[in-house]
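Trainee: I am new to this structure and would like a close look at a single part of it. Please take one surface feature and go through it, then add some context from elsewhere in the chain.

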Amino acid sequence: MRNSYGIKVLGCVAAALFFTLSLAGSGWSANFPGEIIYQGRNVVDFNFGRACTNEKCVLIRNGQTIKEWTKEDKHIYYSDTTANAYAPNFYAFKRYYWDYENGKWESQPRDVFNTMVDTTTVRGSLHNSWEWCNKLGRSPVSWSAGNNPYSVESLVVEDGALYINSGVNVTFSGEGGEISVRRDAGIEAEGASFTKQKDAAGSVTLSGQSQEGSRFQRCTITDVIIYAEGSSAGIRFVNNIITMTPDFKRANIITLHNSSNNIFQNNKGNASVDLSGANNTIKNNVLASLGMTGTGLIEGNTCDQVIIAPSNNGIATVRGNALKSLRALGGAPVIENNSVKSVVGSNDYRGIECNSCNGAKIKNNSVENFSRYGIEIIGGNANTIEGNLIQKKQQVSASDSAGIYLWGTENNLVKKNNILGMYGRGIHLYMAKHNNIEYNAVNNSTLEGILFENCYNWCELNEPDGSSDNVIAFNHLWKNNFGIRAHENKGCHKRNGIHENIIAENDIGVSIGKTNTDNVIFNNVFKNNTINAYDGGERNIWCKDPPIHINRNIVGGALLGGNFWSDYAGTDADNNGLGDTPYDIPGGEGGAVKQDLWPLIDKGYKPPVIQAEPTPFVFSLPFGESVATKTLSVSNRGGENLVMGKASISGGDAAFFTLTNDACNEQTLAPQGKCLIDVTFTTAQDDSIERKAAILLPSNDPVTPVLWVGINGTIIQPLPGDVNGDGIVNLSDAVLALQVLAGRTPPDGQTIVKAADVNSDGQIGLAEVFYVLQKVVALR
């Protein structure tokens, strides 16, 4: 037996040596017309050309004939679907000629071609259309799970779809490890993993995909680049885990270039993703960063940074995301209801940047903890910044930071923003013109509430008008260092209108430095500022002269004259609501004293005052419940009618809260009147995360044009060992845990709370029984 076995082994070694020598000598002969089209696992596709027009041809694999052709006057395509998987396969192609003298095929082939195909590696061109499958005599190739990975060197999917099924491990090897998917082909991956060998390349390139597109769902993609080009469309990435290891050197893992109508949704990982094209959707992902060039929707994502570049003034919408920073480069983006919150101590430059945007809408975002600017507008025109909450500035570079920063931009509307607790400035206009700044609340800024500023020497050298022709109206500026300041050293700010503002409890209410001229400041309330105003400029106007009749000035009088000054010591002998003597305004830095000729006298006007109860607005649901509705009461505590706008919900968790009944919408509330708003909180029954958002209540309250009401929603988590979820741990929980352990069905209506698990194994069992018993006898 041993001798016989030894002879067999020697025979196998000799055969292998024969094929190896044959391959070393020639492989497929240079004059052979055929080729290996595709190889992978147990499928090898051949194209033999017109090799057997007048001949008989035999294909042999590992010493066994697998196919024979006789006088095939056409191209011969053949697929060997029984090749040895993950192993070398030795092929011989033999060609026999007709022996006319004896009337039969010659007994020995004249042409013999040898090659080896190692199916441990996938390479070549895969044809999977039905037309090609009919030529090759096989069904479409799909990859199924096994003990070994599909090791890809270089594969081109030429037509049809390659299906990669659940559990398949695709590993890229070599310097050019790639799957290329052509225009007439697609790739459908479901539950597969994509990785690469160390120091190998790894990529999937999708070229010119059709509207049906390719699909990656529930896959794990690690350090493998997915790239689309050539006007692809309809690509789907859903529920994948996409990660980059520290050795990965590329900026993005997923790049869909010039591709439209793609969906990228519910993916997780530490990867960066970039899409360009039209109408792309990036939704509900948890990733490192997201980029979109072109148009589409970015919604409900959690990531560090979003960068968008809507081309040709296109519209990209960024809505309801939880971010650390957001940049918009051009276009007319819609940026709304995002929670932009940097980590304290980080170097995030700004919360939201809009660079060269025209017609952007930046609304109802919450921005905090940024390093320099909350919302930064650079260049571009006609943008709307409305209803944003900006607060808690890091204590870094106060002299170069602001809640809202307008730089070299015109015709913007900055409206109904709340800027609170800024370490720096509230609103900073830097060489900005023709902007409307209205109905904003700026409180407790360490520098200016609103600042006009230019570069040094800019007035003389470049721009004689600085930050000019702006309207600053209906704002509430209180407890700042300066309420409003036109910078004296970076000046030349002209023709700005400052009116209907409440400027209170600042160190300096309004300061107009030298070189700032022709500004108009009237019908404002200056109340309890340490110094109400400075004016070191020229031709600045502090009143209407002569006064004109109006319905009501800011303190209830019938004449529009100057401003209300809380420290005005004059009289109103004729009771016309205007002071009988001017109010002096110091010039600052040795400048001449200016005057408000017609200071306003308070006639007892009591403006509308909005109030909401309860605040904060808190939902605390018992464990196992998922929906609750509460009512917010809104009332008018002032002396004039309160005109309500349309309420909305803002913030990163806004999707968990709904206004189910808004009886305040566009209603007018008489003094002491009220209206009700029903709010519904909806979440998962076992949600352990505290959800936060805010209700925005716009009105004509001059002090608080938009009232922010914070809303929190939580599920009360069960106590460890509280198996029945009744809020206490006692013997009933031990009995129920024993029933579960014994496989018995709990009594009707009895709930088993798996979150009462005490050892984090996801089960209710002995650990919970022992815990409850120890709790009952006070050992815990």
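Mentor: What follows goes through a nonpolar surface patch and then turns to a sheet. Keep in mind that this is a predicted model.

The patch covers about 720 Å² and is nonpolar. Its members are L731, L738, L741, L766, F770, L773, V776 and V777. Two helices, α4 (731-741) and α5 (766-776), each contribute at least two of these residues. The largest share comes from α5, with four residues. For a single member, take L738, which is part of helix α4. Its relative accessibility is 44%, so L738 is classed as partly exposed; the class lies between buried, under 20%, and exposed, over 50%.

For context, consider a sheet elsewhere in the numbering. It is an open sheet of four strands in the order β4-β3-β6-β9, and the pairing is antiparallel. The edge positions are taken by β4 (64-70) and β9 (111-118); each has a single partner strand, so one side of each has no neighbour in the sheet. On average, neighbouring strands here are turned by 15 degrees against each other, with direction ignored.

The partner of β9 in this order is β6, which spans residues 88-96. The two strands pair in the antiparallel sense over eight bridges. One residue pair can be picked out: F93 has F113, in β9, as its bridge partner. As a general point, strands of a sheet pair through backbone hydrogen bonds, either parallel or antiparallel.

Terms used: Residues are numbered from 1 along each chain as its sequence is written. This is a predicted model: local features need pLDDT of at least 70, side-chain atom pairs count only at pLDDT 80 or more; totals for chains, interfaces and linings use all residues. Side-chain values use heavy atoms; hydrogens and water are left out. Two strands pair if DSSP finds at least two bridges between them. Axes are lines fitted to C-alpha atoms, for helices over the stretch in contact, and angles run from 0 to 180 degrees between N-to-C directions. Patches are made of residues with over 30% relative accessible area and no salt bridge: like charges are joined within 9 Å, nonpolar side chains (Val, Leu, Ile, Met, Phe, Trp, Tyr) within 5 Å. Accessible areas come from the Shrake-Rupley method with a 1.4 Å probe; for residues, only the protein chains shown count as cover. A salt bridge is a side-chain nitrogen of Lys or Arg within 4 Å of a carboxyl oxygen of Asp or Glu. Buried means under 20% relative accessible area, exposed over 50%, partly exposed in between (1.4 Å probe, protein chains only).
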